[in-house]
Amino acid sequence: MTATSSKFDEGRLMQVLVEPIVSEKATHVADKSNAVTFKVLRDATKPEIKAAVELMFKVEVKGVSVVNIKGKTKRFGRSTGRRDHVRKAYVTLKPGQELNFSGEAA
């Protein structure tokens, strides 16, 4: 394992990645630049995200870009509500590395 994953709490790293984002844009980014998109915790840092991906998927990470998305205000009849704020992480993998969500060994 790398040195980055050893300085973080393993229990915390298992919770950092909330879910992978599977959308048209995420698929386009994955094909173009070998990057995978995840929804992550709002207080997750780039080094934590990198260590979590390396720990859970056993791949080498080249870099991490993070985007904070504000929740939209929506109306439901007379009442107004707001969607949750989301933090997205674009994790770029090193050349030759591949992430497999299906759980099967490649």
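**Strand pairing and helix packing in a predicted model**

Me: How many bridges join β1 to β2?
Reply: β1 and β2 (residues 35–40) run antiparallel. Strands here are DSSP runs of E, at least two residues, and helices are runs of H or I, at least four, numbered from the N terminus; two strands pair if DSSP finds at least two bridges between them. One of the contacts in the ladder sets Leu17 against its bridge partner Val40 in β2. The count joining β1 to β2 is 3 bridges.

Me: Before we go on, what kind of model is this?
Reply: Residues are numbered from 1 along each chain as its sequence is written, and side-chain values use heavy atoms, leaving out hydrogens and water. Local features need pLDDT of at least 70 and side-chain atom pairs 80 or more, while totals for chains, interfaces and linings use all residues, since the model is predicted.

Me: Which strands stand at the edges of the sheet?
Reply: The open sheet has 4 strands in the order β1-β2-β6-β3, with antiparallel pairing. Two of them have a single partner strand each, so one side of each is left without a neighbour: β1 (17–20) and β3 (61–69).

Me: Which residue is the bridge partner of Val36?
Reply: β2 also pairs with β6, antiparallel, over 6 bridges. In β6, the partner of Val36 is Val91.

Me: How many residues of β2 are buried?
Reply: Buried means under 20% relative accessible area, exposed over 50%, partly exposed in between (1.4 Å probe, protein chains only). β2 is mostly covered, and of its 6 residues the buried ones number 5.
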